[in-house]
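Work through the exercises below with the sequence and the structure open. Try each task before reading its solution.

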Amino acid sequence: MQLILGAAGAAFGTMVGIGPQMGWAIGSMIGGAMAGPTKVDGQHQQQLADLRVTGGEYGQCIPFVLGTAGIAGQIWWNTDRRATTTETTQRSGKGGGGTESTSSTINYDMDILIGLSDNPINGITRIWDNGALIWTHSLGSTPESRAASDATTKWRRMTVYTGADDQLPDPTYEAAVGVGNAPAYRGRGSVFIEGLNLGGGGALPNLVFEVDAGDGSGGGVYVLDVTISTSTETPFEFRSVALDSGWNGVQPLAMTVTIDAAATQGSSTSAPALSTGGSPVGPTPFPDGTILTLFNNGAIQGHNGRDGVGGAGGNASGGEVGGDPYPWTMGSPGTDGEDATPGENGGVGISIEWPLYTPNGLGSVTGGTPGAGAGGGGGGAGP
C-alpha cells in the first residue's frame, strides 16, 4: 500500500508541478498511516532437545553425618525438565504504522529428591546455590532472613525428611512412581524439592545443604515447617506439634507455621485455636535460641460457646382429702423448677506464651462468641 500510494503521489506531483519527489513523499506518508503495523519476528529461544536429567551414579557412598556438615547430596529421583515458554510483544512507532516485535523465552523446572545422609538428621539449616546463600534457618539467622528464605522463588516447595521411623514417602514422588513403588527412606535424611527453578539454560544448580544431625545429646537446631492447608477445629500448639514430629524438647527449635488463604484454624473446645506453648515461666519452656514464626494467610477462630440448657420444671404435689366434717385439707405447693445451665464463654483465638514472629502480621484472628443463656424451669402446681 505504501509503495502504491508513493508511486501515485509521484505521478500526481509531476502533473501539478510540485515535482515527483515531493509527490512520492506525500503518497508514502499517507500509505504508511493507512497501513497496519509491520510485524517482525524477534528472537526466540530454542528449547533443549534433551530434557532428561542424569541422576546420581550407582556405587556412591552415602555419608553418615554427626554434628553439622555441608552436603551436596545425591539425586535419588527426579523428573525430566519441564519447559515453560513466555512470549513478549513490544511495539514501536506512532499512529497506525509502527513495528511489533515478538520474542519468546523458555524457563525450565523439575522435581527432585536428594539424599543427604545414611542416618536420621535434625534438619537443614542453610542452603547454597553455586556458592550463594539462598536459604537459612540457622540458629543465628534473623527472622527477616528466615522470612526471605521462605519466600524464595528458587522452588515451589521444599520438604526436609529427617528419616523418622514413621516417615512416609513424599506425596509428589509417590504420585509419579505409583503407590507402593516409592521408598519412604526411613533412617536416612533427604530433601524433596518441587518445581526447582533451572532458569533458561536448564542446568541443574550446584546445591549444598548444611545438614544438622546433632551428636546424640540434643545438640543442633531442629527445623520444622508446618502448613495448615484445610480448615480444622483441632487446637494447634507449636510445642505439642513439634514434639509429635520428633523434636526432643532439648534442641533449639526453628518452627514455621503457614495457614493457607482458604484455611481456618479453629477449636472445638475451650482451648485456644492456636497457641505457642512453652512459656518461659512455665514448667516446660522452649530452649534458648528457639524461634517461632507464623504466616497467617487464612484465619484463626476461637471456639464458639455452646448455648445454655433450660432447667427442668418443678413437680406438682397433690392435696389430701379430709374426713367428715369439713374442711378438706389443701394441696401442698409444688417444688421449684431447676436453674438453667448458663451459656459457655467463647474460646480464645490465639495464645502467645513464647515470642512469635509474624512477618505479615497476625492476620484474621477472632475469639469465639459466647453461647446464649436459657430460662429456668417453672415451679410445680398444687392440686
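**Exercise 1: Two aromatic pairs**

Phe-286 and Trp-354 are both buried. The model is a predicted one.

Task: Find how the rings of Phe-286 and Trp-354 are arranged, and which parts of the chain the pair ties together.

Solution.
Step 1. A pair of aromatic rings is described by the distance of the centres and the angle of the planes.
Step 2. The ring centres of Phe-286 and Trp-354 are 5.4 Å apart, and the planes stand at 70°.
Step 3. Planes over 60 degrees apart count as edge-to-face, so the pair of Phe-286 and Trp-354 is edge-to-face.
Step 4. Phe-286 belongs to the loop between β15 and β16, and Trp-354 to the loop between β18 and β19, so the pair ties together parts 68 residues apart in sequence.
Step 5. The ring of Phe-286 has a further neighbour: the charged end of Arg-239 sits over this ring, 5.9 Å from its centre.

Task: Classify the pair of Trp-77 and Tyr-173, and locate both residues.

Solution.
Step 1. The whole structure holds 6 aromatic pairs.
Step 2. In the pair of Trp-77 and Tyr-173, the centres lie 5.0 Å apart and the planes are at 45°, so this pair is tilted.
Step 3. Trp-77 is in strand β3 (residues 74-78) and Tyr-173 in helix α4 (residues 171-177); the two are 96 residues apart, and the pair links distant parts of the chain.
Step 4. Both Trp-77 and Tyr-173 are buried.
Step 5. Ring pairs join Trp-77, Tyr-173 and Phe-192 into a cluster.

**Exercise 2: The faces of a helix**

Task: Decide where the buried residues of α3 lie around its axis, and what they pack against.

Solution.
Step 1. Helix α3 (residues 143-150) has the buried residues Arg-146, Ala-147 and Ser-149.
Step 2. Viewed down the axis of α3, these buried residues fall within an arc of 160°, so they line one face of the helix.
Step 3. The face turned away from the buried side carries Glu-144 and Ala-148, which are exposed.
Step 4. The packing partners of the buried residues of α3 are β7 (132-136), β13 (253-259), β16 (291-296) and β19 (356-357).

**Exercise 3: A sheet of three strands**

Task: Give the strand order of the open sheet that contains β15, and name its edge strands.

Solution.
Step 1. The order is β12-β15-β18, in an open sheet of 3 strands with parallel pairing.
Step 2. β12 (236-237) and β18 (350-351) each pair on one side only, and these are the edge strands.
Step 3. β15 (residues 274-275) pairs with β18 in the parallel sense over 2 bridges.
Step 4. Ser-275 has Ser-351 as its bridge partner in β18.

Note on methods: Residues are numbered from 1 along each chain as its sequence is written. This is a predicted model: local features need pLDDT of at least 70, side-chain atom pairs count only at pLDDT 80 or more; totals for chains, interfaces and linings use all residues. Side-chain values use heavy atoms; hydrogens and water are left out. Two strands pair if DSSP finds at least two bridges between them. Helices (H or I, at least four residues) and strands (E, at least two) are DSSP runs, numbered from the N terminus. Buried means under 20% relative accessible area, exposed over 50%, partly exposed in between (1.4 Å probe, protein chains only). The arc is that of the directions from the helix axis to the C-beta atoms. Contact means heavy atoms within 4.5 Å. Rings of Phe, Tyr and Trp (its six-membered ring) pair if their centres lie within 6.5 Å; planes under 30 degrees apart count as stacked, over 60 as edge-to-face and the rest as tilted. A charge sits over a ring if NZ of Lys or CZ of Arg is within 6 Å of the ring centre and within 35 degrees of the ring normal.
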